[in-house]
Amino acid sequence: MRLSPGAALALGLLRLCLAQANFAPHFFDNGVGSTNGNMALFSLPEDTPVGSHVYTLNGTDPEGDPVSYHISFDPSARSVFSVDPNFGNITLVEELDREREDEIEAIISISDGVNLVKEKVTILVTDANDEAPSFIQEPYVVQVPEDLPTGSSIMKVHAVDKDTGSGGSVTYFLQNVHATKFALDHHSGVLRLRAGATLDFEKAQAHFVTVVAKDGGGRLRGANVIFSTTTTVTVNVEDVQDMPPVFVGTPYYGYVYEDTLPGSEVLMVVAMDGDRGKPNQIVYSLLNGSDGAFEINETSGVISVMQSPAQLKREVYELHVQVTEVSSAGIPAAQAMVPVTIRIVDLNNHPPTFYGESGPQNRFELSMYEHPPQGEILRGLKITVNDSDQGANAKFNLRLVGPGGIFRVVPLTVLNEAQVTIIVENSAAIDFEKFKVLTFKAVDPDTGPWGEVKYSIYGSGADPFLIHPSTGIIYTQPWAILDAEATARYNFYVKAEDMEGKYSLAEVFVTLLDVNDHYPQFGKSIQEKTMVLGTPVKIEATDQDAEEPNNLVDYSITHVEPANVFDIDVHTGEIRLKNSIRSLDALHNITPSGDFTWSLEVQAKDRGSPSFSTTALLKIDITDTEMLSRSPMAAFLMQTKDNPMKAVGVLAGIMAIIVAITVLISTATFWRNKKSNKVLPVRRVLRKRPSPAPRAVRIEWLKFKRTKAAAKFVLKEDPSNENCNNNSLGSTLPPKAPAPPPPPTMAPKMGVAPWTVPTVSGSLTPQQPQRSPKPKVGSPVQSALVSELRQKFEKKNVGNKAYF
C-alpha cells in the first residue's frame, strides 16, 4: 500500500519517538521467605542485633542502565533501616521491639538516573521471648479468719506476659512448697489453705507466701530461655474467739483493816480476753467464799468489803472470782476462775486501859506508914490494865513516872491484860518528914499523848504513794500508773513522829511485779543478711518486759522452702545450714531460683503467760569463702553488709593510722633537720654579669678559679663517735655553712641591672686555704695582669666572708 506524503511523515516521527523512549527500572519479586528483591512479605525477629545485614534490594533497568536504591520512612516514625544505594544492602540501625511496634512501614525506591520507581512495603516484626511475666494488682494482701476451713480458697494472683506463643503463657508455683500452709493452682493462680493445715492467730498473726510466675520459654538471640518473676502474698490472720480469758497479775492478795469502812475498795482483779485480735467484753463475778462480806464490780473487777471489820467472822477469806467473756451478741462465752485471799488485819488503835474494882479508873490512892519493909507489895491497890487490840498490837510496857528508885511496877511487859503490882524498892526514901504525899503514874508508852504517832512520807520515789497519817497504811495515788518497764522499784522514807516531836525514820522499798504486756521486737538489721558457708547468721529480738521469763525470747523458723536447709538455735537465734550442705553446688540443686537467695519467716516468742510472739521476713544471701577470697575488698564489704557502721569504723581506723604515721614521719624529719642544721635559708646575691676578658687572660683566670674553688669547698664528714652510736645529743653544734666562692671581680657598668648568683645552703665545711703554685705566665704583661686579678679576688673574698 502506498502512503501519502503526510502519512509517511507521521509514521517516521512515531518510529523516531519509539527509538528514543527510556523505560523505568523495576524490583524483582522473589516471593515469601526471600531476602533478595522488593521486601514483599518480609519479616524480621525482634531480637535481631543492631547493625545486622537483613535484606538486599534487587532490581533491574530494561535498558541495562545502572540503578540505585533508596529507603525512606514516614516523618513521624523511626528510621529503622539504612540502605547501600549502589548494592541495595539494607542494615538494621534501630533496636526492634515487637511489643511496642509489630509492623514497620517503609518506602523503597529504585532509580536509573532518569526514572524513579517507589513502592510501599510493610515489614513484620516477629516475637522473641524477651519479656518476663509481670504481676498485676499488686500488692497482694488478704485478711482471713484463723478458723478458715482447710482447703478454702484465699485469693487469686494474676500475671501477664507480653510475648506470644509459649513465651507468653504463664504458670504459677510456690517458692517454698514443702514448708508452707498454703497451696497454689499452677494454671489459675488461686491460693488455698493446704489440706490438713490450720491457722492460729496466737502463734502467727501473718504469713508471707512467695509466688513464682514462669513463662513457657522461647528463643532469644539463638538460645532457649525461660523468664520468671516473684511476688509476696501477705496473709493476715484475723483473731476469732477460741481462747479463754486470762488473769493478769496473779496471785491476788487483799487486806481489810479493822478501821476500814463498809463499801471500801479492797483490791482489783484484772482479766483480758485470750483472743487479742477482737477481744470480747469481760464480766466478773464471785463464786463462793465471801459469805456476803464482799462484792465485786462486774465490769471493773474491784472487790469491796460490805461489812464492818468487827462483824467479819474469819481472819482469812478465800474468794473464788470467775470471769466470763460476753460476745457481741450478748451471749456468755469462755470462762476462767482465780482464787483471791483476803486477810483481816488488826490495827494498834486501842490504848491500854486501867481498871479498878468498879470499872475504868485513872486515879488510884493509898495511905501507908513510912519506912515499910523492903519488897512489900502495896496490897491496897487493885489495878488491872487491858489492851483490846489483837496479836502484837496488844503488847505494851509499863513503867512508873515520878521519884525514881522508890517503887517498881510488875510486870514490865503485858500482852492483852495483866494485874498491876507495886512493890517497895527503897524503904528509906518513904519518910513522912520528907514527903507526906508521893504521886506516880503507871504509864503505857503507847497510850495517851505519848502514844499518838503521826506518819508521813517523803523522798524522790514517794510521789505515786500516800500514807494514812494515823494508821500508817501506804497506798497508791489515784492518778498513779505503775509500769515495771519504766520504774521497777521505788524507795522512799517514812517518818513516825509523836506529840513531843520525837521521831524515827524507816526506808521503804516497793518492788513492782512485772506483767507480760510487751511483744518481742526484731531489730532493723533482720531484713537482709549474708551467710558464708560454715558461718552462722544471727537474728535478735528484744522484749521490753522487766523480768524473766516475760523478757526471755525463743526463736524458730516458721516458714521456709525447702524445709530441710536451715537450723536455728532456739535460745541464741543463730541460723546455720544443715550439716549435710557443705557447698554451693549442693544448694544449687534445691534453690528454686538458682541465685542462692532464700526467704525465711522467723518468729520470736517470749516465755511469759500469756505468751506473745512476733514474726518477720528474713532474706539470706549465701556465698562461700572461695568467692570472698577472689577480692579482699569484696570480702570485706560482704562481711560488713549487715553492719555498715563496722565498715565505717574500720575505714576510719585505717585513715587514723595513716594520719598518725604521716605526723610521726614529719615530726621526726623536722627534729632531725633541726638538730643537723642542714636546712638554712637560701640567699641570693645580685651581681652584674661581667664583660668577657681577653682570651689569654681569661684562660689563666679560669685555671686559678678552679684551683681556688676546689680547695675552698670540701664536704666535711662528721667526727666519729667513741661509743659507736648515732646519738647526737652530746655532740657539738655543726659548723656554719661557708661563704660561697665569689665571682671574678669586674667593675660593673653603671645603670645596668646586676646579675643574680644563688648562694649555696648546706653543711659544707671550708678547708684551710692552701697556697696553690703560682701559675706560669708567658709574658710580663700576662704575669702582671694575673697578679692584679689575684689581689682583687682575695680582697673580694675577705669582703664576702664579712658579709655572710
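This report describes salt bridges, charged residues and backbone features in a predicted model.

Residues are numbered from 1 along each chain as its sequence is written, and side-chain values rest on heavy atoms, with hydrogens and water left out. Because the model is predicted, local features need pLDDT of at least 70 and side-chain atom pairs count only at pLDDT 80 or more, while totals for chains, interfaces and linings use all residues.

## Salt bridges

Side chains of opposite charge can pair when their charged atoms come close. A salt bridge is defined here as a side-chain nitrogen of Lys or Arg within 4 Å of a carboxyl oxygen of Asp or Glu. A search of the whole structure yields twelve salt bridges. Three of them are described below, with the N to O distance for each pair.

| Acidic residue | Basic residue | N to O distance |
|---|---|---|
| E94 | R78 | 3.7 Å |
| D127 | R98 | 3.0 Å |
| E425 | R408 | 4.0 Å |

The places of these residues are given by strands, which are DSSP runs (E, at least two residues) numbered from the N terminus. Their accessibility is described in three classes: buried means under 20% relative accessible area, exposed over 50%, and partly exposed in between (1.4 Å probe, protein chains only).

E94 forms a salt bridge with R78. This pair links distant parts of the chain, 16 residues apart: E94 is in the loop between β8 (89-92) and β9 (103-111), and R78 is in the loop between β6 (68-72) and β7 (81-83). E94 is partly exposed because its relative accessible area is 33%, and R78 is also partly exposed, at 26%. Both residues belong to a network of salt bridges in which R78, E94 and E101 are linked.

The side chains of D127 and R98 likewise meet in a salt bridge. The two residues are 29 apart in the chain and link distant parts of it, with D127 in the loop between β10 (116-126) and β11 (134-135) and R98 in the loop between β8 and β9. D127 counts as partly exposed at 24% relative accessibility, whereas R98, with a relative accessible area of 15%, is buried.

In the third pair, E425 and R408 meet through their side chains. Here a loop residue is joined to a strand residue: E425 is in the loop between β38 (417-424) and β39 (441-443), R408 is in strand β36 (residues 407-410), and the distant parts that they link are 17 residues apart. E425 is partly exposed, with 35% relative accessible area, and R408 is partly exposed with 39%.

## A positive patch

K181, R194, K203 and K605 gather in a patch of positive charge on the surface. For such a patch, residues must have over 30% relative accessible area and no salt bridge, and like charges are joined within 9 Å. One of the members, K203, is found in the loop between β17 (190-193) and β18 (206-215). K203 counts as exposed because its relative accessibility is 52%.

## The loop between β3 and β4

D47 lies in the loop between β3 (43-45) and β4 (53-57). D47 is buried yet has no salt bridge, and the nearest side chain of opposite charge, that of R221, is 5.8 Å away. The backbone of R221 is nevertheless in contact with D47: the backbone nitrogen of R221 lies 2.6 Å from a polar atom of the D47 side chain. A polar contact is a pair of N or O atoms within 3.5 Å; within protein, one must be able to donate a hydrogen and the other to accept it, and residues adjacent in sequence count only if both atoms are side-chain atoms.

T48 is found in the loop between β3 and β4. T48 counts as buried because its relative accessibility is 13%, and its side chain reaches the backbone oxygen of P45 at 2.7 Å.

## Backbone geometry

R221 lies in the loop between β19 (218-220) and β20 (223-225) and is exposed, with a relative accessible area of 61%. Phi of R221 is near 55°, a positive value in a residue other than glycine. Q137 has a positive phi too, near 65°. Q137 lies in the loop between β11 and β12 (140-145) and is exposed at 67% relative accessible area.

Two cis peptide bonds are also described. T250 and P251 are joined by a cis peptide bond with omega of about -5°, and P251 is in the loop between β22 (246-248) and β23 (252-257). Another cis peptide bond joins V410 and P411, with omega of about 0°; P411 is in the loop between β36 and β37 (413-415).

Conventions
Helices (H or I, at least four residues) and strands (E, at least two) are DSSP runs, numbered from the N terminus. Patches are made of residues with over 30% relative accessible area and no salt bridge: like charges are joined within 9 Å, nonpolar side chains (Val, Leu, Ile, Met, Phe, Trp, Tyr) within 5 Å. Accessible areas come from the Shrake-Rupley method with a 1.4 Å probe; for residues, only the protein chains shown count as cover. Lys and Arg count as positive and Asp and Glu as negative; His and the chain ends are not counted. The place of a charge is taken as NZ of Lys, CZ of Arg, CG of Asp or CD of Glu.
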